[in-house]
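Reader: I should be grateful for a close look at a single part of this structure, the strands and the way they pair. Please start with one pair of neighbouring strands and then widen the view.

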Number of protein chains: 2
Amino acid sequence: MKKLRIDHIAIAVNNVEEALKNYQKALNIDHIEIEVVQNEKVRVAMLDLEDTRIELMEPISEESPIKKFLVERGEGIHHLAITADNIEKDAARATENGMKMIGTLRTGSFGRKITFIHPKSMNGVLTEFCESSK
Amino acid sequence: MKKLRIDHIAIAVNNVEEALKNYQKALNIDHIEIEVVQNEKVRVAMLDLEDTRIELMEPISEESPIKKFLVERGEGIHHLAITADNIEKDAARATENGMKMIGTLRTGSFGRKITFIHPKSMNGVLTEFCESSK
C-alpha cells in the first residue's frame with residue numbers, strides 16, 4: 001500500500017512579504033514562487049523544503065475564507081494538504097468511511113484538483129486532498 | 001545549501017486512540033508507534049507518511065502544555081517540527097536573526113534534542129527544531 005505524502009502546510013498570514021522574511025530568517029529557503037489564486041482570493045508564496053512545502057497565504061479580498069480565518073483566529077496554520085495519487089478514489093474512500101467533506105472537487109493553486117475534509121472529522125485539522133503534480 | 005525537512009506535524013488531541021481511527025480512515029497508514037513522553041507529559045502516536053510524519057499527542061497530565069492548548073483552543077495542529085542537521089547551528093542562526101526562542105535545547109520524544117521558535121516570530125506557528133534521527 002503506497003503511503004500518502006504531505007503536499008504542503010498552509011499558513012494564513014496578514015502580509016506574505018513580511019511572513020516570507022521570517023521564514024527565510026529561520027529556515028534555509030531560497031526558491032520561492034508567488035502566485036495569485038483568484039479562486040481562493042489569496043496571494044501565496046510556496047517555500048520548498050527538502051521533502052514538502054510551506055504555503056504562506058495572504059487574503060486579497062474581504063470575502064476570502066483566509067480573511068475570515070485571520071479575523072477569527074489570527075495568523076497560523078490553516079490547513080494540511082495531502083497528495084492524492086487518485087483524488088477521486090481517495091475522496092470516495094474518505095466519504096465511505098464517514099468523513100465529512102467540504103464541497104466538491106475543484107481547481108486550486110497551480111491548476112490542480114483539490115477537495116477538503118472537514119476539521120470535525122480530523123480532530124480540528126482542515127485537511128486538503130490535492131492531485132499529485134507528478 | 002541543504003534544504004531543511006519537515007520532521008513531523010504535531011496535532012493535539014483529546015484521545016489518541018480515537019484520533020488514530022480518524023486518521024487511518026482518511027489516510028493510507030499502517031505503521032504506528034506509540035510512546036509516552038514523560039518530559040512533555042503526553043502519549044504520542046507517530047503516523048508515517050511517505051515523506052514525513054503526523055504526531056497525534058494526548059496529554060497525560062493536567063500540567064501538560066498540550067492540556068492547556070486543548071482547553072484554550074481545542075483539538076488541532078499544535079506545532080511544526082523542522083529537522084535540523086546541526087541543531088546548535090540552526091538554533092544559533094535563528095537567534096542571530098532575531099527569532100524569539102522558547103527555552104533551551106532539551107530532550108524530546110525518541111531521545112532527540114529539540115528547541116522551539118516562538119509563534120510570534122513565525123506568524124502564529126510554534127516551530128520546533130529537532131535533531132536529525134539519521
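Author: In this predicted model, β2(B) pairs with strand β3 (residues 42-48) of chain B in the antiparallel sense, and six bridges join the two. Within that pairing, Glu33(B) has Met46(B) in β3(B) as its bridge partner. As a general point, the strands of a sheet pair through backbone hydrogen bonds, in either a parallel or an antiparallel manner.

This pair belongs to a wider arrangement. In chain B, eight strands form an open sheet, in the order β2-β3-β4-β1-β5-β8-β7-β6, and the pairing is mixed. The edge strands are β2 (32-37) and β6 (101-107) of chain B, each of which pairs on one side only. On average, neighbouring strands of this sheet are turned by 25° against each other, direction ignored.

Chain A may be read in the same manner. Its open sheet of eight strands has the order β2-β3-β4-β1-β5-β8-β7-β6, again with mixed pairing. Here the edge strands are β2 and β6 of chain A, and each pairs on one side only. Neighbouring strands of the sheet in chain A are turned against each other by 25° on average, direction ignored.

Let us follow the sheet of chain A from one end. β3(A) and β4(A) are antiparallel and share seven bridges. In this pairing, Val42(A) has Pro59(A) in β4(A) as its bridge partner. A helix also belongs to this part of the picture: α1 (residues 16-26) of chain A lies across β1 (5-12), β2, β3 and β4 of chain A, and it runs at about 155° to β4(A).

Towards the other end of the order, strand β6 (residues 101-107) of chain A is joined to β7(A) by four bridges, and the two run antiparallel. Met101(A) has Ile117(A) in β7(A) as its bridge partner. Four bridges also join β7(A) to strand β8 (residues 127-131) of chain A, and this pair likewise runs antiparallel. There, Thr115(A) stands opposite Phe129(A) in β8(A). How enclosed is strand β7 (residues 113-117) of chain A? Four of its five residues are buried, so β7(A) is largely enclosed by the rest of the structure.

The loops between strands deserve attention too. Lys41(A) is placed in the loop between β2 (32-37) and β3 (42-48) of chain A. Its phi is near 55°, a positive value in a residue other than glycine. Lys41(A) has a relative accessible area of 33%; because the partly exposed class lies between 20% and 50%, Lys41(A) counts as partly exposed. Asn123(B), in turn, is placed in the loop between β7 (113-117) and β8 (127-131) of chain B. The phi of Asn123(B) is near 50°, also a positive value in a residue other than glycine. Is Asn123(B) buried or exposed? With a relative accessibility of 6%, Asn123(B) counts as buried, because that value is under 20%. A further loop residue, Glu62(B), is found between β4 (53-59) and α2 (65-73) of chain B. At 62% relative accessibility, Glu62(B) counts as exposed. Glu62(B) lies 52 residues from Ile114(B) in sequence, and 23 Å from it in space, C-alpha to C-alpha.

We may now consider how the two chains stand to each other. Chain A is superposed on chain B by a rotation of 180° with 0.0 Å of shift along its axis, at an RMSD of 0.0 Å. That is the relation of a two-fold axis. In chain A, the C-alpha nearest the axis belongs to Asp51(A), 3.0 Å from it. Of the interface residues of chain A, 98% are also interface residues in chain B, so the copies meet through the same surface.

The interior provides a further view. The largest nonpolar core has 56 residues, and those with the most contacts inside it are Leu27(A), Ile54(A), Leu56(A), Leu27(B), Ile54(B) and Leu56(B). Leaving aside residues up to four places away in sequence, Leu27(A) touches Leu49(A), Ile54(A), Leu4(B), Ile82(B), Arg93(B) and Phe129(B).

Finally, there is the matter of confidence. The mean pLDDT of chain A is 89, and 96% of its residues reach 70 or more. Confidence in chain A is lowest in β2(A), at a mean of 84, and highest in strand β4 (residues 53-59) of chain A, at 95. For the complex, the predictor gives an ipTM of 0.87 and a pTM of 0.89.

Notes
Residues are numbered from 1 along each chain as its sequence is written. Chains are lettered from A and ligands numbered from 1 in the order in which they are written. This is a predicted model: local features need pLDDT of at least 70, side-chain atom pairs count only at pLDDT 80 or more; totals for chains, interfaces and linings use all residues. Side-chain values use heavy atoms; hydrogens and water are left out. Copies are superposed by least squares on the C-alpha atoms of residues with pLDDT of at least 70 in both. Contact means heavy atoms within 4.5 Å. Buried means under 20% relative accessible area, exposed over 50%, partly exposed in between (1.4 Å probe, protein chains only). Two strands pair if DSSP finds at least two bridges between them. A nonpolar core is a set of buried Ala, Val, Leu, Ile, Met, Phe, Trp, Tyr and Cys residues joined through side-chain atoms within 4.5 Å. pLDDT is the predictor's confidence in each residue, from 0 to 100. Axes are lines fitted to C-alpha atoms, for helices over the stretch in contact, and angles run from 0 to 180 degrees between N-to-C directions.
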